[in-house]
Amino acid sequence: MNKWKKRILISILALVLNIAGCHLAIGLGCPAYLSLTGSILSAYLEGPIVAAIVTVLAGAVSSGFGVSTWYYIVADLFVAVVAGLLCKKNKYFDKIILTMSAIAFFALVKTLPLLVINLIVYKGR
């Protein structure tokens, strides 16, 4: 399989994972950031640019269903780029403990832009 076919296939899989994760989290009332599953997968396998594209597309599709809003897309985009840059620099995910630590780190990374956006949009309420 050539490089572009593989990249497109991974992007489609990541897009489906993001959309399914978003709907699953909302359906279960789960506060987990399941909409980042595909973004982090694509960041690890293909880098920050593909992860950013997947994140924006997933956010746009989810917004079409009334599930997500623009500030989630911004926060997810921030996490996707950070994940892509970290994965590009080293193979941080080679060990399971490091992977679990990275998941917690990415949850914290997403919390920071959401906090700022919450302060701006909702005046901290």
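## Helix packing and a buried salt bridge in a five-helix chain

Read along the sequence, the chain runs in the pattern α-α-α-α-α, and its secondary structure amounts to five helices and zero strands. The model is a predicted one, and what follows describes that prediction. Of the 125 residues in the chain, 38% are buried. Among contacts with a sequence separation of 6 or more, 63% are accounted for by residues 24 or more positions apart.

**Packing against helix α3**

Two packed helices are described by the angle between their axes and the distance between the axes. Those values are set out below for two pairs that involve helix α3.

| Helix pair | Axis distance | Crossing angle | Handedness |
|---|---|---|---|
| α2 and α3 | within 7 Å | roughly 160° | right-handed |
| α1 and α3 | within 9 Å | roughly 40° | right-handed |

Helix α2 spans residues 37-46 and helix α3 spans residues 48-64, and their axes cross at roughly 160°, which makes α2 roughly antiparallel to α3. On the α2 side the contact is made by S39, S42, A43 and E46, and these residues meet V50, A51, V54 and T55 of α3. Sorted by class, the residues of this contact are four nonpolar, three polar and one charged.

For α1 and α3, the axes come within 9 Å and cross at roughly 40°; the two helices are therefore oblique to each other. Helix α1 contributes R7, S11, A14, L15, N18, I19 and C22 to the contact, while α3 contributes V50, V54, T55, L57, A58, V61 and S62. In this contact of α1 with α3, nine residues are nonpolar, four are polar and one is charged.

**The salt bridge between R7 and E46**

How many salt bridges does the structure hold? The structure holds one, and R7 forms it with E46, the closest N and O atoms of the pair lying 2.9 Å apart. The pair links distant parts of the chain, since R7 belongs to helix α1 (residues 3-28) and E46 to helix α2, with their positions 39 residues apart in sequence.

Are R7 and E46 buried or exposed? Both R7 and E46 are buried. For E46 the assignment rests on a relative accessibility of 17%, which counts as buried because the cut-off for that class is under 20%. Leaving out residues up to four places away in sequence, E46 touches K6, R7 and I10. E46 also has G84 at a C-alpha to C-alpha distance of 7.9 Å, although the two residues are 38 residues apart in sequence.

**T37 in helix α2**

T37 is likewise found in helix α2, but its surroundings can be described separately. With a relative accessible area of 38%, T37 is partly exposed, because that class lies between the 20% limit for buried and the 50% limit for exposed residues. Once neighbours within four places in sequence are set aside, T37 is in contact with L17 and N18. The C-alpha atoms of T37 and I19 are 9.4 Å apart in space, and these two residues are 18 residues apart in sequence. N18 and I19 are also among the α1 residues that make the contact with α3.

Notes. Residues are numbered from 1 along each chain as its sequence is written. This is a predicted model: local features need pLDDT of at least 70, side-chain atom pairs count only at pLDDT 80 or more; totals for chains, interfaces and linings use all residues. Side-chain values use heavy atoms; hydrogens and water are left out. Axes are lines fitted to C-alpha atoms, for helices over the stretch in contact, and angles run from 0 to 180 degrees between N-to-C directions. Helices (H or I, at least four residues) and strands (E, at least two) are DSSP runs, numbered from the N terminus. Angles under 35 degrees count as roughly parallel, over 145 as roughly antiparallel, 65 to 115 as roughly perpendicular and the rest as oblique. A crossing is left-handed if the near helix is turned anticlockwise from the far one by less than a right angle, and right-handed if clockwise. Contact means heavy atoms within 4.5 Å. Ala, Val, Leu, Ile, Met, Phe, Trp, Tyr, Cys and Pro count as nonpolar, Asp, Glu, Lys and Arg as charged, and the others, Gly among them, as polar. A salt bridge is a side-chain nitrogen of Lys or Arg within 4 Å of a carboxyl oxygen of Asp or Glu. Buried means under 20% relative accessible area, exposed over 50%, partly exposed in between (1.4 Å probe, protein chains only).
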